[in-house]
Amino acid sequence: MDKGYEKERFESISIKTSVAKKFKKLCKGMSRSKSMTLLLMIDFFEDNGISPHESIGPKMQTLESLIKKRINGVIAIMKDIEKNQTKPTVAMMQSLFEQAEAPKKTLILEKEIPKEKPKSRFVERLGNDDEL
């Protein structure tokens, strides 16, 4: 039984025998009841705004080619953005960060003693010791 349609009563429709055979085959292929198959078909036509009198073939091919062209256009735009905006911006940012880095200072672990002539504590006197 069809879900949601259990309490509805059946109505009969007159169709030709050959059409009925084709429709029964289609219903078996879809694993649906005849009512649900017909409902799905009607919903499909209404949702897509197409008529069974129109041919869908060329329109689908036209849509496919338009979509491919649009996708190629989007890819071209993204490549252009990457080439002209992203890469130069990244290069500028890297150069700014390289310039902004503080110069590395050496750690002071011990005091450096300048290499001068060492001063002696004792001064040599010339002369007499009495003069002091």
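**Burial and overall make-up**

I looked up burial first: of the 132 residues of the protein, 5% count as buried. I note that the model is predicted. I then listed the secondary structure, which comes to 3 helices and 0 strands. Read from the N terminus on, the elements run α-α-α.

**H1 against H2**

I turned next to the packing of two of these helices. Two packed helices are described by the angle between their axes and the distance between the axes. For H1 and H2 I recorded an angle of about 90°, with the axes 9 Å apart. H1 is therefore roughly perpendicular to H2, because angles of 65 to 115 degrees count as such.

I checked which residues make the contact. On the side of H1 I found Phe23, Lys24, Leu26, Cys27 and Met30, and these meet Lys34, Thr37, Leu38, Leu40 and Met41 in H2. Sorted by class, the contact of H1 with H2 has 7 nonpolar, 1 polar and 2 charged residues.

**The loop between them**

I followed the chain from helix H1 (17-30) to helix H2 (34-48) and stopped at Ser31, which lies in the loop between the two. Is Ser31 buried or exposed? I entered Ser31 as exposed, because its relative accessibility is 65% and the cut-off for exposed is over 50%. I also looked up the backbone: phi of Ser31 is near 60°, a positive value in a residue other than glycine.

**The largest pocket**

I then searched for open space. Rolling a probe the size of a water molecule over the atoms shows where empty space is left. The largest pocket holds about 850 Å³ of space. I found 24 residues lining the largest pocket, and the closest to its centre are Glu11, Ile13, Lys34, Ser35 and Leu38. I noted that Lys34 and Leu38 also appear on the H2 side of the contact with H1.

Which helix gives the most to the lining of the largest pocket? I recorded H2, with 7 residues. H1 and H2 each supply at least two residues of this lining. By class, I entered 14 nonpolar, 3 polar and 7 charged residues for the lining of the largest pocket.

**Closing entry**

I close with two items for reference: H1 and H2 meet at about 90°, and both helices contribute to the lining of the largest pocket.

Definitions and conventions
Residues numbered from 1 in each chain as written. Predicted model: local features only at pLDDT ≥ 70, side-chain atom pairs only at ≥ 80, totals over all residues. Heavy atoms only, no water. Helix = DSSP H or I, 4+ residues; strand = E, 2+ residues; numbered from the N terminus. Buried < 20%, exposed > 50% of the residue type's maximum accessible area, 1.4 Å probe, protein only. 1 Å grid on protein atoms, 1.4 Å probe; cavity = no way out; pocket = protein on both sides within 12 Å on 5 of 7 lines; lining within 4 Å. Points joined across faces, edges and corners; volume = space filled by probe spheres on them. Nonpolar A, V, L, I, M, F, W, Y, C, P; charged D, E, K, R; others polar. Axes fitted to C-alpha atoms, helices over the stretch in contact; angles between N-to-C directions. Parallel < 35°, antiparallel > 145°, perpendicular 65-115°, else oblique. Contact = heavy atoms within 4.5 Å.
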